[in-house]
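Please open the structure in your viewer and keep the selection tool at hand. The tour proceeds by selections, each followed by a description of what is found there.

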Amino acid sequence: MSLFAILTEALNFFRNHIRQLAALTLPLLLIQVAIQLWLGNEMLTADPENPQFGASHAAVMMVLLLVFSVLIAALTLFLELRSQGHELSSGQILKASLPFVPPLLLAGVFSGLAILAPVMIFAAFGPLWLIGLVVSLYLFARLAYVNFMVVVERLTPLEAIKKSFSFSAGSVAFKTIAVLMLYVPLSLFAGVFTQMATQVGFPLQLVVETLFAFLGLFVNIALFRLYMVNRQPIDLEK
């Protein structure tokens, strides 16, 4: 299936299920964005020569990772159930997604370290950091299906990482990179509107960033569609 067809079907799914997607994900996104804004403000106000980050910051970071894992688990489970023609309430989906949170959290840590390692290593060699960045972006594309492997395939974190890497070989890797590039214009628009909202105040900034985070879920839906097309011929319900 062509990339255009995949994006079209993903857009149709996003549009036709936007209410349930909003009910399921917006509360979690609101919490996630609020935490991110608080952490960002803490970093801006910290003394650059002697930054102080204590146990409270570590605890907040852990909460952020947990909220993100719950969000990804719930969204992926929702996509899987709808692709099979099942309908569950948002509460049922959230409850059913909780067992996937621990493996998703571990898989996220392992894959995140693997993605960051090249750019961190090459950064030690000055201008070569750009090579590390390219390698990291490539690994990001190859590991973009880890969440699906954990939730849909019921694999362990390490198995999910291996399966995602093997699954995303060949043409799938290039299509994955193309889908992930959708984050670029979305981030640019989000930056412009967030800067405008910052002039008004925190509440509007929180709403704007949450809205763009919700729109960013389209990328996850497109990746899931690409995953399902290459995994087996199951169509997302229109």
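The stops below cover two pockets and then two helix pairs in what is a predicted model.

**First stop: the largest pocket**

Begin by selecting F68, I72, F140, N147 and Y183, which are the closest to the centre of the largest pocket among the 37 residues that line it. This pocket has a volume of about 1200 Å³. Next, colour the elements that give two or more residues to its lining: α2 (18–45), α3 (55–83), α5 (101–123), α7 (146–151), α10 (183–200), α11 (202–215) and α12 (217–231). Which element gives the most to this lining? The answer is α5, with nine residues. If the lining is then coloured by class, 26 residues appear as nonpolar, ten as polar and one as charged.

**Second stop: the second largest pocket**

Now select L137, Y138, F140, A141, I177, L180, M181, Y183 and V184, the residues that line the second largest pocket. Its volume is about 160 Å³. The elements that give two or more residues to this lining are α6 (129–142), α9 (171–180) and α10. The largest share, four residues, comes from α6. How do the lining residues divide by class? Nine are nonpolar, with no polar and no charged residues. F140 and Y183 deserve a second look, since they line this pocket and also belong to the residues closest to the centre of the largest pocket.

**Third stop: α2 against α11**

Hide the pockets and display α2 together with α11. The two helices pack at an angle of about 130°, and their axes are 8 Å apart. Because of this angle, α2 is oblique to α11. The crossing of α2 past α11 is right-handed. To view the contact, select I18, L21, A22, T25, L26, L29, L30, V33, A34 and L37 in α2, and then F202, Q205, L206, E209, T210, A213 and F214 in α11. By class, the contact comprises 13 nonpolar, three polar and one charged residues.

**Fourth stop: α2 against α3**

Keep α2 on display and replace α11 with α3. At what angle do the axes of α2 and α3 cross? They cross at roughly 160° and come within 10 Å. The two helices are therefore roughly antiparallel to each other. Their crossing is left-handed, whereas that of α2 with α11 is right-handed. The contact of α2 with α3 has 19 nonpolar, five polar and one charged residues.

Terms used: Residues are numbered from 1 along each chain as its sequence is written. This is a predicted model: local features need pLDDT of at least 70, side-chain atom pairs count only at pLDDT 80 or more; totals for chains, interfaces and linings use all residues. Side-chain values use heavy atoms; hydrogens and water are left out. On a 1 Å grid over the protein atoms alone, a cavity is a set of points where a 1.4 Å probe fits but cannot get out, and a pocket is an open set with protein on both sides within 12 Å along at least five of seven lines; lining residues have an atom within 4 Å of a point. Grid points are joined across faces, edges and corners, and a volume is the space filled by probe spheres set on the points. Ala, Val, Leu, Ile, Met, Phe, Trp, Tyr, Cys and Pro count as nonpolar, Asp, Glu, Lys and Arg as charged, and the others, Gly among them, as polar. Axes are lines fitted to C-alpha atoms, for helices over the stretch in contact, and angles run from 0 to 180 degrees between N-to-C directions. Angles under 35 degrees count as roughly parallel, over 145 as roughly antiparallel, 65 to 115 as roughly perpendicular and the rest as oblique. A crossing is left-handed if the near helix is turned anticlockwise from the far one by less than a right angle, and right-handed if clockwise. Contact means heavy atoms within 4.5 Å.
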